[in-house]
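Me: Please pick one spot in this structure and look at it closely with me. I'm a first-year student, so keep it relaxed, and then take me from that spot to the rest of the chain.

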Amino acid sequence: MRQSKLFCKTKKEGFKTAEAISHRLLIRGDFIDQLASGVYSFLPLGKRVHRKIERIIREEMTALGAQEVYLPILTPKRLWETTGRWEKIDPPLFKLKDRHRKEFGLGPTHEEVITELVRTRIKSYRDLPLYLFQIQAKFRNEMRSTGGLLRVREFIMKDLYSFDREKEEAITFYKKVKRAYFRIFKRCGLKVVCVKADPGTIGGELSHEFMVLSDTGEDSVLICSKCDFGTNIQKFGKKKTCPQCQNRLIKKNCIEVGHIFYLAEKYSRAIEANFIDKKGKKNKIIMGCYGIGLGRLMASIVEVHHDEKGIIWPIEVAPFQVHLIPLSGKKVESQSKRLYQDFQAKGIEVLFDDRADITPGEKFADADLIGIPFRIVVSEKTLKKDSVEVKKRSEKKIKLVKIKDLSRSLINLC
Ligand SMILES: [Zn+2]
């Protein structure tokens with residue numbers, strides 16, 4: 001991508017009201033644009049990052065044997081009433097009426113819709129287990145939406161639903177999802193703690209939250225100063241020592257990036273989603289549900305990976321892998337164009353800063369703000385040594401690399 005054509009206008013100052021660092025940096029880098037409180041547009045750079053996160057999640061869901069579906073956002077009141085949630089999750093359920101005065105909710109979650117769908121198709125134990133997921137817009141009528149992508153009213157969520165024949169089978173899958181979640185967050189460059197949580201209005205018998213430790217987080221957890229133990233504060237009360245190793249527990253602010261629920265029969269009982277087992281007996285389908293908010297995950301990555309100059313994207317979610325920056329000079333221009341084409345041919349994603357009338361200082365400042373993992377500078381000086389300057393966004397040191405070795409070493413690094 002040529003930066004002269006990129007739909008992106010970086011800003012020197014973020015919103016004055018923006019409290020979260022991720023909000024300031026994503027606005028300044030023009031990854032997102034605020035349309036209304038808690039409602040954001042994703043601009044090309046932001047959309048590229050979002051798509052990378054989607055890809056990671058989709059790969060891990062598929063590896064679990066889950067199939068992708070797409071359920072409507074506009075959901076009829078009658079369905080919410082089958083579980084009593086028309087009242088129970090208001091707020092944050094967004095409610096509206098159509099022109100025939102029929103009431104609808106904009107889905108904040110889809111247990112009722114998917115259970116109804118499965119009820120009409122699953123008859124026998126041979127149809128189970130079944131795992132379905134979607135990546136789709138969700139709505140929440142929040143009281144207060146500040147903090148950028150951390151607390152929003154419209155957002156994209158991955159929601160996975162599991163349908164099993166018995167508790168043991170369901171719990172085995174629940175544990176598999178837990179491991180898949182750790183892989184997803186790791187690939188996004190995040191270290192998370194998984195803590196037992198309150199099932200809230202989703203309900204069910206067992207629930208875990210995945211927390212990224214961050215000072216801007218609105219939640220808090222107690223983590224062990226020595227081992228990997230972590231717990232929700234409400235659950236644990238005033239205890240001070242770790243139940244696993246007796247060391248001290250420390251309170252940390254955190255951001256919830258994932259939440260999983262073992263629902264048991266809560267929805268299948270209300271919606272009468274049954275199956276006939278091996279002995280010909282009618283049983284309730286055993287369910288679980290598993291969510292990740294993608295925008296919030298993106299913001300959490302920025303909360304963890306940044307410095308005073310801007311964002312430092314982990315390679316797998318970066319909008320581009322390489323930021324190619326030519327300084328002035330005829331030879332520099334032709335050589336950097338050649339490199340640009342060469343990278344593209346080799347499948348390296350490159351943002352080529354071909355903008356005229358921009359000082360090197362401004363180019364470097366934008367590169368630091370946008371946070372692409374590798375910066376390559378081509379100048380008269382470097383070309384005298386048949387080389388370019390390579391700098392990792394996460395490191396201070398600059399390396400001179402011979403042009404003939406460049407693609408090979410980049411492919412290894414990307
Ligand atoms: Zn411990």
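**A close look, starting from one loop**

Reply: Let's start with E272, which counts as exposed because its relative accessibility is 55% and the cut-off for that word is over 50%. Before going on, keep in mind that this is a predicted model. E272 sits in the loop between α8 (266-271) and β14 (274-276). Its backbone is worth a look too: phi of E272 is near 55°, a positive value in a residue that isn't glycine.

Now step back along the chain to A264, another residue that is not a glycine but has a positive phi, here about 55°. Where does A264 sit, in a strand or in a loop? A264 belongs to strand β13, whereas E272 is in a loop. The surroundings of the two residues contrast as well. A264 has a relative accessible area of 6%, so it is buried, while E272 is exposed.

Strand β13 also leads us to the metal site. The loop between α7 (233-236) and β13 (249-264) holds C242, and C242 is one of the protein donors of the zinc ion. The donors are the SG atoms of C224, C227, C242 and C245, lying 2.3 Å from the zinc. What geometry do these four donor atoms make? The angles among them run from 99 to 118°, and the site is tetrahedral. To count as tetrahedral, all angles have to lie between 85 and 135 degrees, so this site passes.

Along the sequence, the donor residues follow the spacing C-x2-C-x14-C-x2-C. Why does the pair C227 and C242 tie together separate parts of the chain? C227 is in the loop between β11 (219-224) and β12 (230-232), and C242 is in the loop between α7 and β13, so the pair links parts that are 15 residues apart in sequence. These two cysteines also differ in how much they show: C227 is partly exposed, with a relative accessible area of 26%, but C242 is buried at 0%.

With cysteines on your mind, you may wonder about disulfides. A disulfide is a covalent bond between the sulfur atoms of two cysteines. How many turn up in a search of the whole structure? Zero. Take C289 as an example: the nearest cysteine sulfur belongs to C194 and is 14 Å away, while a disulfide would need the two sulfur atoms within 2.5 Å. C289 is also buried, because its relative accessibility is 4% and the buried label covers values under 20%.

Back to the backbone, this time at two prolines. The peptide bond from D90 to P91 is cis, with omega near -5°, and P91 is in the loop between α4 (85-88) and β5 (94-97). Another cis peptide bond joins L128 and P129, where omega is about 0°. P129 is found in the loop between α5 (111-119) and β7 (130-139).

Next, look at how some helices pack. Helix α2 (residues 44-63) packs against helix α6 (residues 167-187) at an angle of about 155°, with their axes 10 Å apart. Since angles over 145 degrees count that way, α2 is roughly antiparallel to α6. The crossing of α2 and α6 is right-handed. Now try helix α10 (residues 330-345) and helix α13 (residues 403-413): their angle is about 30°, and their axes are 11 Å apart. That angle makes α10 roughly parallel to α13. Here, too, the crossing is right-handed.

One more residue gives you a feel for distance. R355 lies in the loop between β20 (350-352) and α11 (360-370), and despite being in a loop it is buried, with a relative accessible area of 18%. How far apart are the C-alpha atoms of R355 and T120? They are separated by 57 Å, and the two residues are 235 residues apart along the chain.

Finally, zoom all the way out. The chain has 13 helices and 23 strands, and its C-alpha atoms fill a box of roughly 80 × 60 × 45 Å along the principal axes. Of its 414 residues, 52% count as buried. A264 is buried, and so is C242, whereas E272, where we started, is exposed.

Notes
Residues are numbered from 1 along each chain as its sequence is written. This is a predicted model: local features need pLDDT of at least 70, side-chain atom pairs count only at pLDDT 80 or more; totals for chains, interfaces and linings use all residues. Side-chain values use heavy atoms; hydrogens and water are left out. Donors are N, O and S atoms within 2.8 Å of the metal (3.2 Å for Na, K and Ca); water is not among the atoms, so sites may look incomplete. Four donors count as tetrahedral if all angles lie between 85 and 135 degrees; four count as square planar and six as octahedral if opposite donors are over 155 degrees apart and all others between 65 and 115; anything else is irregular. Helices (H or I, at least four residues) and strands (E, at least two) are DSSP runs, numbered from the N terminus. Buried means under 20% relative accessible area, exposed over 50%, partly exposed in between (1.4 Å probe, protein chains only). Axes are lines fitted to C-alpha atoms, for helices over the stretch in contact, and angles run from 0 to 180 degrees between N-to-C directions. Angles under 35 degrees count as roughly parallel, over 145 as roughly antiparallel, 65 to 115 as roughly perpendicular and the rest as oblique. A crossing is left-handed if the near helix is turned anticlockwise from the far one by less than a right angle, and right-handed if clockwise.
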